[in-house]
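Reader: Could you take me through the largest pocket of this one? I'd like to know what lines it and by class, which residues those are.

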Amino acid sequence: SYAEAVVVLLAAADGIKSMRSAVIDFSDDALVTKRFDENTVDSRIFPRALSGTNIGAAEIKLDELNWKAKNQFVFVVTDGEVGDFGEAAIARMKSSKRQVFVAAIGGGRGYSDCADDIEINELPVYVKDRIRKGYS
């Protein structure tokens, strides 16, 4: 379900004119699988099921990306437990100029108030609605 969610999320982002996307895959560590300047078709996206939900490692990778846009959106999609460390990482990300949204999918455990519990098929509308609100 996580791999499907990433594909759906990228398709939603690719459908928005002049929007660049990047993907940081995280489990027990974090790996940039698509950079802003890469075409989605040419990216290295592949399913990783290594257990763990190390959002803090993904947070560090955010600053390694080449951000250019005035409006910066971060969508964290997780199928695992967010936990205290994840909540702290999300709070730090939200304190930056980036707009951060957390989508909890797949019936994982331990979702907190910082995550929106949604279904994979709701991701395109979720992304577009959050981006529209971010520009208003």
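Author: Sure, starting with chemistry: the lining of the largest pocket has 27 nonpolar residues, plus five charged and four polar ones. Here nonpolar covers Ala, Val, Leu, Ile, Met, Phe, Trp, Tyr, Cys and Pro, charged covers Asp, Glu, Lys and Arg, and polar takes the others, Gly among them. Bear in mind that this is a predicted model, where local features need pLDDT of at least 70 and side-chain atom pairs pLDDT 80 or more, while totals for chains, interfaces and linings use all residues. Numbering runs from 1 along each chain as its sequence is written, and side-chain values use heavy atoms, without hydrogens and water.

That makes 36 lining residues, with Ser 21, Ala 22, Phe 73, Val 74 and Phe 75 nearest the pocket's centre. The volume is about 750 Å³, meaning the space filled by probe spheres set on grid points that are joined across faces, edges and corners. A pocket, on a 1 Å grid over the protein atoms alone with a 1.4 Å probe, is an open set of points with protein on both sides within 12 Å along at least five of seven lines, and lining residues have an atom within 4 Å of a point.

As for who supplies the wall, H1 (2-14), S1 (23-26), H2 (55-62), S3 (73-78) and H4 (123-135) each give at least two residues. H1 contributes the most, with six. Helices (H or I, at least four residues) and strands (E, at least two) are DSSP runs, numbered from the N terminus. Those elements belong to a protein with four helices and five strands, running α-β-β-α-β-α-β-β-α from the N terminus.
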